[in-house]
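Dear colleague,

I am passing on the structure we spoke about, and below it you will find my notes on what turned up when I went through it. Please read them with the model open beside you.

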Amino acid sequence: MSRASVAGASAPDAPSVERLQWFLSLEGVRLDFLVDDSSKRRHLKNMITHVCTGGLPEGSLVSIPSCWDEIPLYVVSPELAFLQVACGSTLQTAVYTGMALCSDYRIDALADGGVVRRAPSDRRPASVSSIGRFLDRAKGMKGVRPARRALRYVVEHALSPKESGLAMFYGLPCHYGGMHIGTVTLNPSVEVYAGRDMFGEVKTETRYPDIMISAFNTRTRYDVAFDYDADSTHGGDNKAAKDRRRANAIATVRNLVHFTLVTSDILDFDYLVLMGERARKVLKQRRKPSLNVSRDSVDGRKALREYRERQIELFDSFVRGVRDY
């Protein structure tokens, strides 16, 4: 993290932007630049500038290697990037971005499915707590309020973009298009029964279901676990057998019901909704969305139609619309 400021920052000309795109392996990607004065704004085909007149809190900029010896380069920190997205996009987009920043995966075009799990030494770009602390330091900046609102729904430890989309679909409140089934966690550790040793002592193993949805009912906790077995990473007899044994092990956990979704399942909106309703039944939760009028009334049907439209938009953008990781 750097204490560098935007003061004196300038936007390069078109040839310099092309050189920078090549240096960063971002050919064809439009670059965004922060400047400290509106007179420095410049809009070209391959770049756009944004004016930042206020001071940035510590931890806003990160130094990176430069392709010019005499000109230092900085990128915005993950925490500031989250604030910027929340300021200029929908809450759903900000939540999805936050889950990517707080994830345990990284993009790798050469890997099966396009992503890989981060190594222990490969730290996540951000966490919910680091973003929260940054927003505390950024009081008064534009976008802090929508960023705080979105941060409430960011879940850490996703291992793929699809997991993030499913977590949003099942976890977000109904007015944001989600099913709001219960509290969502991603890739939690679950101790499962693994038999007994030669002395009769119980053995356990640790499993990590992709998505866990939890709810309390009359002081009893109920859990539903979803595993997403993508075609791109779970094909073949060996992997199928491994997946089956994992599901059988998780099935021994008390008050936990385990479901498995494959690629064709999560591309089917109606089936995904059905599985969410099955999870809601297991968790003993009331039907949602809750309405102040009869569901069969004109107002009730209108409210349900509008909710379905929000659901479909969320599904199209963050479940079906994401690559098959």
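What is the volume of the largest pocket? The model is a predicted one, and in it the largest pocket comes to about 1,600 Å³. It is lined by 45 residues, of which Asp32, Phe33, Leu34, Val76 and Gln84 are the closest to its centre. Two or more lining residues are given by each of the elements α1 (14-23), β1 (31-35), β2 (47-51), β3 (61-64), β4 (73-76) and α2 (78-88), and the largest share, seven residues, comes from α2. Sorted by class, the lining of this pocket holds 33 nonpolar residues, nine polar ones and three charged ones.

For orientation, the protein has ten helices and twelve strands, and its C-alpha atoms fill a box of roughly 70 × 60 × 35 Å along the principal axes. Of its 325 residues, 43% count as buried.

On the surface, Trp22, Phe23, Leu24, Leu26 and Val29 together make a nonpolar patch of about 430 Å². One of these residues, Leu24, sits in the loop between α1 and β1, and with a relative accessible area of 32% it counts as partly exposed, because the partly exposed class runs between the limits of 20% and 50%.

Helix α6 offers another view of the fold. How many of the residues of helix α6 are buried? The count is eleven of eleven over residues 161-171, so the helix is largely enclosed by the rest of the structure. The buried residues include charged and aromatic side chains by name, among them Lys162, Glu163, Phe169 and Tyr170.

A few backbone details deserve a look while you have the model open. The peptide bond that leads from Lys288 to Pro289 is cis, with omega near 5°, and Pro289 is found in the loop between α9 (269-282) and α10 (298-318). Lys284, which is also placed in the loop between α9 and α10, has a positive phi of about 60° although it is not a glycine, and at 44% relative accessibility this lysine counts as partly exposed. A positive phi, near 75°, is likewise found at His157, again a residue other than glycine. His157 belongs to the loop between α5 (144-151) and α6, and its relative accessibility of 30% makes it partly exposed.

Turning to charged contacts, the count of salt bridges comes to eleven. In one of them the side chains of Arg106 and Asp122 meet at 3.3 Å, taken from N to O, and this pair links distant parts of the chain, with Arg106 in strand β5 (residues 105-107) and Asp122 in the loop between β6 (115-117) and α4 (128-137), 16 residues apart. Both partners are partly exposed, Arg106 with a relative accessible area of 35% and Asp122 with one of 26%.

Where do Glu277 and Arg280, whose side chains also meet in a salt bridge, lie? Both are in helix α9, three residues apart, or about one turn of the helix, and the N to O distance of their salt bridge is 3.2 Å. The surroundings of the two partners are given by their accessibilities: Glu277 is partly exposed at 31%, whereas Arg280 is buried, with a relative accessible area of 2%, because anything under 20% counts as buried.

A further salt bridge joins the side chains of Arg301 and Asp296 at 3.8 Å, N to O, and here both residues are exposed. Finally, Asp104, Arg124 and Glu156 are linked with one another in a network of salt bridges.

If you would like somewhere to begin, you could start from the pocket and its residues Asp32, Phe33, Leu34, Val76 and Gln84, the closest to the centre, and then turn to the enclosed helix α6.

With best wishes

Note on methods:
Residues numbered from 1 in each chain as written. Predicted model: local features only at pLDDT ≥ 70, side-chain atom pairs only at ≥ 80, totals over all residues. Heavy atoms only, no water. 1 Å grid on protein atoms, 1.4 Å probe; cavity = no way out; pocket = protein on both sides within 12 Å on 5 of 7 lines; lining within 4 Å. Points joined across faces, edges and corners; volume = space filled by probe spheres on them. Helix = DSSP H or I, 4+ residues; strand = E, 2+ residues; numbered from the N terminus. Nonpolar A, V, L, I, M, F, W, Y, C, P; charged D, E, K, R; others polar. Patch = residues over 30% accessible without salt bridge, like charges linked within 9 Å, V, L, I, M, F, W, Y side chains within 5 Å. Areas by Shrake-Rupley, 256 points an atom, 1.4 Å probe, with all protein chains shown as cover. Salt bridge = Lys/Arg side-chain N within 4 Å of Asp/Glu carboxyl O. Buried < 20%, exposed > 50% of the residue type's maximum accessible area, 1.4 Å probe, protein only.
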